[in-house]
Structure formats: structure tokens, C-alpha cells
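Reader: I have just opened this structure and would like to learn how to read it. Could you walk me through it, one feature at a time?

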Amino acid sequence: MPFLLKPIVLYVVAIVLLRITGRRSLAQMTIAQTVMVISIGAIIVEPFADKDIIKTIIAASIYIILLLLFEYLEFHFHFFEKIAVGREVIIIENGNFIPANLKKLKLTKAEIMTRVRQEGIPNLNYIEKGTLEPNGQFGFILKRGAEPIRVQDMEYLLNAILLKQHIIDKPIDLVDELKKQQI
């Protein structure tokens with residue numbers, strides 16, 4: 001195969017194989033998915049040293065099959081999911097850090113506080129539970145009263161007050177009403 005055609009074929013094959021797995025962004029990948037992507041990247045370079053594109057495609061396909069097998073096992077067997085992917089680890093509870101878990105994860109309070117601020121949470125006292133998820137993302141459950149108000153909450157409050165005081169006859173749809181008012 002001509003030298004210039006080989007990288008094009010390998011690139012297209014890699015895209016097709018990765019599309020089969022339905023991957024998300026790297027930040028959302030599990031460890032097994034990240035290993036698969038790195039491995040395919042390494043495998044794609046191999047034909048330039050080895051000169052055998054068929055072996056490369058077979059090796060990349062094996063990685064995809066293994067990933068799909070792992071995902072099947074994770075979905076159907078709870079214990080396998082715990083081993084292969086891991087579980088969330090609680091790092092904040094009732095506004096307080098859990099030092100043992102931070103140490104185990106090798107995370108600093110400063111790293112966590114950066115993420116807390118990025119989420120728009122003014123301080124730890126707003127957090128009921130903070131976790132590090134298996135995909136490396138932080139998750140936060142806010143305490144009652146610290147959650148942002150949602151449109152449905154506002155509609156409920158407005159309708160409860162306005163209907164009770166007989167200011168309106170029927171419940172209002174806040175979004176539609178704002179559109180009518182061009183706000």
C-alpha cells in the first residue's frame with residue numbers, strides 16, 4: 001500500500017471503530033475506555049514500523065471487542081462494574097471534607113475548591129454531598145435551600161399564591177407567559 005494512503009486508511013478505520021463504541025469526550029471516559037483509545041493510537045502508528053496494515057486493523061478491532069465485552073460485563077454483573085470501573089468516592093459530606101478519602105485519592109482541598117467555585121457554589125456549607133465519580137468528574141448534591149430555583153418551582157409558587165388569592169382563574173405556564181410579554 002502506498003505510504004500516503006496508509007495513514008488515511010488507518011485514520012478512517014480508527015474513526016469507524018471508535019464510532020462503534022459510541023465514545024464520549026475523554027473527560028467522561030472510564031479507565032477501560034481511556035486505555036482502549038490510547039492503545040488504538042499506539043496501534044495506528046505500528047504499521048509504519050511493521051508495514052502490516054491488516055495486523056493493525058485486527059489488533060485495533062480486538063481492543064474494541066474487549067472494550068465492548070468489558071462494558072457488557074459491567075452492565076450485567078455488579079461486582080465486575082465495581083472492579084473495572086470503580087464507584088463514586090464521597091469527598092465532602094455536610095459541608096466538610098473527608099480527609100481520609102482525599103488522601104486516598106491524592107486530591108488537595110485546593111483542587112476541590114477550584115471545582116466547587118467553577119460550579120458556582122459559594123462555599124462548602126452549601127454542599128450536602130460531594131463525590132469524585134468513576135469517570136473523574138466531580139458531583140455535588142446541594143443542601144435544601146441551596147439549590148438554584150427552577151422554572152417549575154417558580155411556576156408552582158406563583159400559581160399557588162395567585163390561585164389562592166383568586167388573582168388568576170387557571171394555572172399559568174411561566175415560559176409561555178414570558179414569551180407573550182416578550183421578556
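Reader: Which residues have the most contacts inside the largest nonpolar core?

Author: A good place to begin, with one thing to keep in mind: this is a predicted model. As a general idea, nonpolar side chains in soluble globular proteins tend to be buried together. Here the largest nonpolar core has 14 residues, and I92, I112 and V116 have the most contacts inside it. Two or more residues of this core come from each of β1, α6 (109–118), β3 and β4. Helix α6 gives the largest share, three residues.

Reader: Where does the other core lie, and which residues are among its members?

Author: It lies apart from the largest one and has seven residues, including M36, I40, I43 and A60.

Reader: What is I92 in contact with, beyond its neighbours within four places in sequence?

Author: For a residue like this, it helps to look past the sequence neighbours. I92 then touches F97, I112, V116, L124, I127, E128, K129, G130 and F140. Two of those names, I112 and V116, you have just met among the residues with the most contacts inside the largest core.

Reader: How confident is the predictor, and where is its confidence lowest and highest?

Author: Start with the average, then look at the elements. The protein averages a pLDDT of 80, and 78% of the residues score at least 70. Confidence is lowest in helix α1 (residues 5–21), with a mean of 66, and highest in β2, at 96.

Reader: How many helices and strands does the protein have?

Author: Its secondary structure comes to eight helices and four strands. Reading along the sequence gives the pattern α-α-α-α-β-β-α-α-β-β-α-α.

Reader: In what order do the strands sit in the sheet?

Author: To read a sheet, follow the pairing from one strand to the next. The four strands form an open sheet in the order β2-β1-β3-β4, with antiparallel pairing. The edge strands are β2 (96–97) and β4, each of which pairs on one side only.

Reader: How many bridges join β1 to β3, and how many join β3 to β4?

Author: Strand β1 (residues 89–93) is joined to β3 (residues 127–132) by four bridges. Five bridges join β3 to β4 (residues 138–142). Both pairs run antiparallel.

Reader: Which residues stand opposite G130 on its two sides?

Author: Let us take one strand at a time. On the β1 side, I92 stands opposite G130. In β4, the bridge partner of G130 is F140. You can follow the β3 and β4 pairing further: K129 stands opposite I141, and L132 stands opposite F138.

Reader: What links β3 and β4 along the chain?

Author: They form a hairpin with five residues between them. In the turn, look for G136, which has a positive phi of about 90 degrees.

Reader: Where does α6 lie relative to the strands?

Author: Helix α6 lies across β1, β2, β3 and β4, and runs at about 65 degrees to β4.

Reader: Is N159 buried or exposed?

Author: The cut-off for buried is under 20% relative accessible area. N159 has 10%, so it counts as buried. It lies in helix α7 (residues 151–164). The side chain of N159 reaches the backbone nitrogen of I172 at 2.7 Å. Beyond its neighbours within four places in sequence, N159 is in contact with K164, I168, P171 and I172.

Reader: What about E155, is it buried or exposed?

Author: E155 also lies in α7, and at 19% relative accessibility it counts as buried. E155 and I172 are 17 residues apart in sequence, yet 7.2 Å apart in space, C-alpha to C-alpha. Past its neighbours within four places, E155 is in contact with I172, D173, L174 and V175.

Reader: And I149, buried or exposed?

Author: The cut-off for exposed is over 50%, and I149, at 53% relative accessibility, counts as exposed. I149 lies in the loop between β4 and α7. Leaving aside neighbours within four places in sequence, I149 is in contact with M154 and L157.

Reader: To finish, what share of the whole protein counts as buried?

Author: Of its 183 residues, 29% count as buried. Among contacts between residues at least 6 apart in sequence, 48% join residues at least 24 apart.

Conventions. Residues are numbered from 1 along each chain as its sequence is written. Side-chain values use heavy atoms; hydrogens and water are left out. Two strands pair if DSSP finds at least two bridges between them. A nonpolar core is a set of buried Ala, Val, Leu, Ile, Met, Phe, Trp, Tyr and Cys residues joined through side-chain atoms within 4.5 Å. Buried means under 20% relative accessible area, exposed over 50%, partly exposed in between (1.4 Å probe, protein chains only). Contact means heavy atoms within 4.5 Å. A polar contact is a pair of N or O atoms within 3.5 Å; within protein, one must be able to donate a hydrogen and the other to accept it, and residues adjacent in sequence count only if both atoms are side-chain atoms. Axes are lines fitted to C-alpha atoms, for helices over the stretch in contact, and angles run from 0 to 180 degrees between N-to-C directions. pLDDT is the predictor's confidence in each residue, from 0 to 100.
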